[in-house]
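Student: I'm new to this one. Could you take a close look at the spaces in it, meaning its pockets and cavities?

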Amino acid sequence: MKITRITAIPLSFRLPEGKTVTMGVGSTLKRDAIIVRVETSEGITGYGESHPGRSPGAIVSHIHNTLSPLLVGMSATDVVGAWQRVHRMQFSSHGLGAGAALALSGIDMALWDIRGKAANMPLYELLGGSRRRLPAYAGGIALGYQPAQALAEEAQSYIERGYRAIKLRIGDTVKDDIARCLHVRKTVGDDIDILTDANTAYTIAQARRVLPVLADIQAGWLEEPFACNDFASYREASKITPLVPLAAGENHFMRFEFAQMLEAGAVQVWQPDLSKTGGITEAVRIAAMASAFRIPINAHSSATGLNHAATLHFLAATENAGYFEACVSHFNPFRDMFGPTFTIGSDGCVEPPSGPGLGVEVDESIFEDFPVIDGPGYVVKF
């Protein structure tokens with residue numbers, strides 16, 4: 001079974017008035033996604049998702065004009081061979097860049113979808129896992145900068161739906177971040193896990209003031225306080241308190257950057273995104289490396305149900321798996337565009353889809369409703 005065609009389909013939607021969420025990377029205006037379709041000589045079609053990286057046109061062009069010519073004609077089940085060819089002809093010679101990793105991620109995900117469909121097995125089973133319950137937290141583009149009472153009410157609404165963990169967006173002012181976190185903890189009680197995400201907006205000075213408060217409220221982690229390559233700040237912040245682990249990984253690409261993160265010795269929670277870090281093939285390698293050092297994998301998940309489904313399968317087959325990031329965004333038509341991918345239970349857990357491959361039935365006619373929109377997805381006031 002050979003790869004005969006690779007197609008990248010960029011999609012966008014604007015957020016309606018009143019649905020914008022503000023966080024450390026700005027205020028959302030629109031969301032973008034890239035669906036990757038891989039066709040084969042035996043008629044099996046696989047689908048994956050590449051993160052747009054704020055420039056969907058560039059990623060689509062790289063898939064069509066660089067990676068597709070490398071891979072068309074190869075065996076559709078040879079995911080390792082496909083990865084090695086791209087590494088040889090792109091990563092090792094023309095840059096292990098974010099754009100190339102994003103592009104490969106969607107292709108790799110689609111190839112695993114093909115493998116599962118060919119074997120008539122769900123991806124978790126193909127990866128050696130089982131359809132087990134996975135703890136989930138309320139995440140996605142939600143719980144942003146807003147008055148403390150409104151934030152607490154939003155958090156409580158997710159808890160009432162079954163979530164036992166929530167993630168707050170911090171990285172605003174230190175004063176407002178502390179006030180929001182304290183108020184939410186007081187409102188939801190001690191039995192809910194509060195996670196926090198600064199979206200790279202902190203300085204070391206701000207982290208020194210906030211981390212002791214996060215320790216007081218027993219926060220599960222502080223995610224991305226600094227830029228992904230600022231290992232010096234991560235090392236310094238890890239000394240402030242042993243009670244709040246630092247988390248990162250959604251903006252680290254391939255296992256090589258995770259190896260650098262391991263050598264820095266400052267990040268205790270790893271968060272690879274399957275649509276960004278090189279796909280499922282590379283995420284399995286990253287998880288194995290982490291397991292040797294007892295580092296939990298709490299995968300970051302992105303826009304559409306394809307990435308959510310792939311992440312659920314991946315976590316169900318990962319020994320050191322932690323939380324699944326469930327998108328609870330008030331407005332995200334990409335999440336359920338192919339039907340609900342996950343359902344939160346009263347135990348705060350979810351399960352992977354049961355169908356072959358990713359277990360997602362893709363209706364491409366839906367794509368007409370989401371033509372790509374040029375321009376930034378976030379705006380920031382400087």
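Tutor: Here is a walk through the open pockets, the enclosed cavity and then one helix pair. This is a predicted model, in which local features need pLDDT of at least 70, side-chain atom pairs count only at pLDDT 80 or more, and totals for chains, interfaces and linings use all residues. Residues are numbered from 1 along each chain as its sequence is written, and side-chain values use heavy atoms, with hydrogens and water left out.

Let's start with the largest pocket, which has a volume of about 710 Å³. On a 1 Å grid over the protein atoms alone, a pocket is an open set of points with protein on both sides within 12 Å along at least five of seven lines, while a cavity is a set where a 1.4 Å probe fits but cannot get out; lining residues have an atom within 4 Å of a point. Grid points are joined across faces, edges and corners, and the volume is the space filled by probe spheres set on them. The lining of the largest pocket has 36 residues, and V25, H51, E250, K276 and Y378 are the closest to its centre. Strand 4 (30-40), helix 3, strand 7 (165-169) and strand 12 (324-327) each give two or more residues to that lining, with strand 4 giving the most, 3 residues. By type, the lining divides into 11 nonpolar, 13 polar and 12 charged. Here Ala, Val, Leu, Ile, Met, Phe, Trp, Tyr, Cys and Pro are nonpolar, Asp, Glu, Lys and Arg are charged, and the others, Gly among them, are polar.

Next comes the second largest pocket, at about 160 Å³. Its lining has 14 residues, and T20, V21, Q146, E154 and H330 lie nearest its centre. That lining splits into 5 nonpolar, 7 polar and 2 charged residues.

As for cavities, a search of the whole structure turns up 1 of 30 Å³ or more. The largest cavity holds about 50 Å³ of space. Around it sit F13, L15, K19, V21, R31, I141, S329, H330 and F331, and these divide into 5 nonpolar, 2 polar and 2 charged.

Now back to helix 3 (residues 98-119), whose axis comes within 6 Å of the axis of helix 10 (residues 279-291) and crosses it at roughly 95°. Helices are DSSP runs (H or I, at least four residues) and strands likewise (E, at least two), numbered from the N terminus. Axes are lines fitted to C-alpha atoms, for helices over the stretch in contact, with angles from 0 to 180 degrees between N-to-C directions. Helix 3 and helix 10 are therefore roughly perpendicular to each other, a label for angles of 65 to 115 degrees. S105, D108, M109 and W112 in helix 3 meet G279, I280 and T281 in helix 10, where contact means heavy atoms within 4.5 Å.

How values were computed:
Parallel < 35°, antiparallel > 145°, perpendicular 65-115°, else oblique.
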